[in-house]
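Colleague: Could you take me closely through the sheets of this model, together with what packs against them, and then follow the path from there into the neighbouring helices and the space they line?

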Amino acid sequence: MGNWIINNGFTSVMLVVWMGINIFLFVWFYFFYDLGEQYFYTRHLLGSALAWARAPAAVLNFNCLLILLPVCRNLLSLIRGNFVCCSRTMRKQLDKNLSFHKLVAYMIALMTAVHMIAHLLNVEWYNNSRQGVYDNLSTALSNLSDDPQLNTTYLNPIRITNLDPQQIPTYFVFTTIAGLTGVIITLALILIITSSMEVIRRSYFEVFWYTHHLFIIFFAGLVFHGAGGIVRSQQATIPPHNLTFCKDRSQDWGKIPECPIPQFAGSFPQTWMYVIGPMVLYIFERLLRLIRYLQTVHYRRIVMRPSKVLELQLVKSGFKMEVGQYVFLNCPAISQLEWHPFTMTSAPEEDFFSVHIRSAGDWTDKLIDIMEKLPEGSQGPKMGVDGPFGTASEDVFDYEVSMLVGAGIGVTPFASILKSIWYKFKESNPRLRTRKIYFYWLCRETHAFEWFADLLQVLEKEMEERGMGDFLTYNLYLTKWDQSHADHVTVYVDHDKDVVTGLKQKTHYGRPAWDKEFEIVRKENPTSVVGTFLCGPEALGTVLEKKCAKFSEVDPRKTKFYFNKENF
């Protein structure tokens, strides 16, 4: 339990607080509408569906306030920068922004379903009351209309009676502000959520990207949705309307002093007050993106690496980065609207920034195709750059000992870190706190190792010359190979250097035995705090997170493992 609290305690507290607020809002507004006297007559028409419609609406308002904040990347980077001297636990929460965004989205989907079902029942019961299906009180309440001469206001929002009763609910839904915006909001939300499934996002990113921008329609509809005033409450009158006495005497309303005709009014729309702040922040976010897009970006170098990996070295005036950060790229020649995230592989000490782009979809395939057709030494197409933005890898130098785990192209943030280490050693930087790094790179094909093998060779040589061979321990794992490769390795098994990478450290075949690796790190660093950083698949992240908890010591004086994962 102690080990689990180290890595997940604060996150769990935050989730409990968030869930507690949701439960409080639901319960509070449920009883407000279920017990409030001002809704006595409304409940008579609708029953408990009134409370079941309004309680989810309160939860929806709260979560619609939150949903945009985790994707305001510039805001998060600003906050992360202000926490640079604070607890790493606080900063780790910012790295889980997309997980929280999804969690809030699930809550919005659930509450929308409950809210919609309850209101569909409400419309049916409003219609039945208007047709006189129920008791005399329901009929009397439904017959009230807006009439200044009679000093009456309506309670039942269904005013039309000259249609087929079966068609009235449909007519009402598509001709009222609340009904029409409700349909639009629901359809937009369904498209957003279904296109956000991982299978769609991975295979058809463009579908995910474009449908996700339906959030503009969703929020616009949300602002106007409550203006319809469908749910109406009883207003104070002089003399007051005595509910206990008058509810069974509808025929005497307006005829005796104890029973003036009840007055009703729609609730003041509140949703806009919840969402206006996040909407303004997001507008500023997009304006900042536009400004960055308009800034000129020059190509320093364009390199095609093995396995269809494109390396772009770019230069932009005033651009400053930290290790492990990422940028969003936009290529108008491919799409004016699409922005894709890429971790930078350059070091802050370099006078350019670089990204490695693997062929992984329509957008990346088109970009690689354009670059391959360029004449030697020419500039590429216009490129918009938004960023840089912070990630968990920024904190790597805050730990005395770091474990870096990259899978395939997931090695990119660690290339930036390793380059920065090389520069820090070259400049004899006294502020380098890190004294040991364990680097693990898992690849499915041998060509992938060629991306950064030259970097590892330079580092290997640098450490040896400085007598710091133990500073960097790296392990390369090939997880897929054929018989011809195995035969080739067998022939050169006695060579001093690895046949795949040219490094002194030989390539391992298969996957790491993580229990063994963590035990080695723990024994070699018995009193250290170890930061474990992953850029790779969720399945590997689950394994490493469990290992961090398993091998962390409860004794605060002994080894602790903190898990950090890149999220895009």
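**The sheets and their surroundings**

Modeller: Helix α15, which spans residues 362-372, lies across β3, β4 and β7, and runs at about 115 degrees to β7. Please keep in mind throughout that this is a predicted model. The three strands beneath that description form an open sheet in the order β3-β4-β7, with antiparallel pairing. Its edge strands are β3 (297-305) and β7 (353-358), each of which pairs on one side only, and from one strand to the next the twist averages 20 degrees. Between β3 and β4 (residues 309-316), which run antiparallel, there are 8 bridges, and within this pairing Val303 stands opposite Glu311 in β4.

There is also an open sheet of 3 strands in the order β6-β5-β8, where the pairing is again antiparallel. Here β6 (340-343) and β8 (384-389) stand at the edges with a single partner strand each, so one side of each is left without a neighbour in the sheet. Neighbouring strands of this sheet are turned by 25 degrees against each other on average, if direction is ignored. Strand β5 (residues 326-330) is joined to β6 by 4 bridges, the two running antiparallel, and the bridge partner of Phe328 in β6 is Pro341. The helix to follow from this sheet is α14, which packs on it by touching β5 and β8, and whose direction makes about 125 degrees with that of β8.

Helix α14 also leads to α3, since the axes of α3 and α14 come within 8 Å and cross at roughly 10 degrees; the two helices are therefore roughly parallel to each other. In their contact, Asn61, Phe62, Cys64 and Leu65 of α3 meet Thr271, Tyr274, Val275 and Pro278 of α14, and by class this contact has 6 nonpolar, 2 polar and no charged residues.

Both helices reappear around the second largest pocket, which holds about 950 Å³ of space: α3 (49-66) and α14 (271-294) are among the elements that give two or more residues to its lining, as are α1 (2-35), α6 (97-130), α8 (168-175), α9 (177-194) and α12 (215-225). Of these, α6 gives the most to the lining, with 8 residues. The pocket is lined by 38 residues, and Arg54, Ala57, His115, His119 and His225 are those that lie nearest its centre. By class, the lining of the second largest pocket divides into 23 nonpolar, 14 polar and 1 charged.

How values were computed:
Residues numbered from 1 in each chain as written. Predicted model: local features only at pLDDT ≥ 70, side-chain atom pairs only at ≥ 80, totals over all residues. Heavy atoms only, no water. 1 Å grid on protein atoms, 1.4 Å probe; cavity = no way out; pocket = protein on both sides within 12 Å on 5 of 7 lines; lining within 4 Å. Points joined across faces, edges and corners; volume = space filled by probe spheres on them. Nonpolar A, V, L, I, M, F, W, Y, C, P; charged D, E, K, R; others polar. Pairing = 2+ DSSP bridges. Axes fitted to C-alpha atoms, helices over the stretch in contact; angles between N-to-C directions. Contact = heavy atoms within 4.5 Å. Parallel < 35°, antiparallel > 145°, perpendicular 65-115°, else oblique.
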